[in-house]
Every structure is written in C-alpha cells, then in structure tokens.
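Here are a few notes to read alongside the model. Have a look at it first, then work through the points.

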Amino acid sequence: MENKQLISIRLEPDVLERIDDMAKSCCYRTRSSIINKLLSVVLKCSTGGTINKMLSEINPDKKGFI
C-alpha cells in the first residue's frame, strides 16, 4: 500500500454530495479514494494550460469541459 498523507480540505456542499453519491454507488470506493483518484487523473492527464483554464473559469461546467 502506498504512503498517503492525511490532510483536511473544505468542499462546497454540492461537491461533497456528488462525491458521497459516487461512494454509495460502489461499495469499495470511499470519499478519500474518489477525491484522490479524481485529483490524480486531472493532474496527470491535463496540460498546465488546461488546468489553469479550469481554475480560471467562474462556471467551468458551463464552458464545455469534458
């Protein structure tokens, strides 16, 4: 098992609700594993420009990110 570091983050209620829904739909996924995997994939599979664009948008979900 990999070493992982315990941290604390604040999430918007709707984001947490979506993560919890994902965790409920699959018995072996936890909040932590979902957050870790999503961050890992975005950081490893996106260019710096794409990440900066996502972070700069006020409503990225309405900008066509897929």
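1. What radius of gyration does the protein chain have, and what would a compact globule of 66 residues have? This is a predicted model, and its protein chain comes out at 14 Å, whereas a compact globule of that many residues would be near 11 Å. Along the principal axes, the C-alpha atoms fill a box of roughly 30 × 25 × 20 Å.

2. On to the fold. You'll find three helices and zero strands in the protein chain, so to speak an α-α-α run when you start from the N terminus.

3. How much of the protein chain is buried? Just 9% of its 66 residues count as buried. The chain exposes about 6400 Å², with carbon and sulfur atoms supplying 55% of that area.

4. A word on charge. The protein chain carries 11 positive side chains and 8 negative ones. The centres of these two sets sit 5 Å apart.

5. Now take helix 1, residues 13-25. With 13 residues at 1.5 Å each, helix 1 should span 18 Å, and its end C-alpha atoms are indeed 18 Å apart, so the two values agree.

6. Which residues of helix 1 are buried? They are Ile19, Asp20 and Ala23. These three cover an arc of only 100° around the axis, so they lie on the same side of helix 1.

7. Turn helix 1 around and look at the face away from its buried side: there you meet the exposed residues Glu17, Arg18, Lys24 and Ser25.

How values were computed: Residues numbered from 1 in each chain as written. Predicted model: local features only at pLDDT ≥ 70, side-chain atom pairs only at ≥ 80, totals over all residues. Heavy atoms only, no water. Helix = DSSP H or I, 4+ residues; strand = E, 2+ residues; numbered from the N terminus. Rg over C-alpha atoms; globule rule 2.2 N^0.38 Å. Buried < 20%, exposed > 50% of the residue type's maximum accessible area, 1.4 Å probe, protein only. Areas by Shrake-Rupley, 256 points an atom, 1.4 Å probe, with all protein chains shown as cover. Lys, Arg positive; Asp, Glu negative; His and termini not counted. Charge placed at Lys NZ, Arg CZ, Asp CG, Glu CD. Expected span 1.5 Å × (residues − 1). Arc of directions from axis to C-beta.
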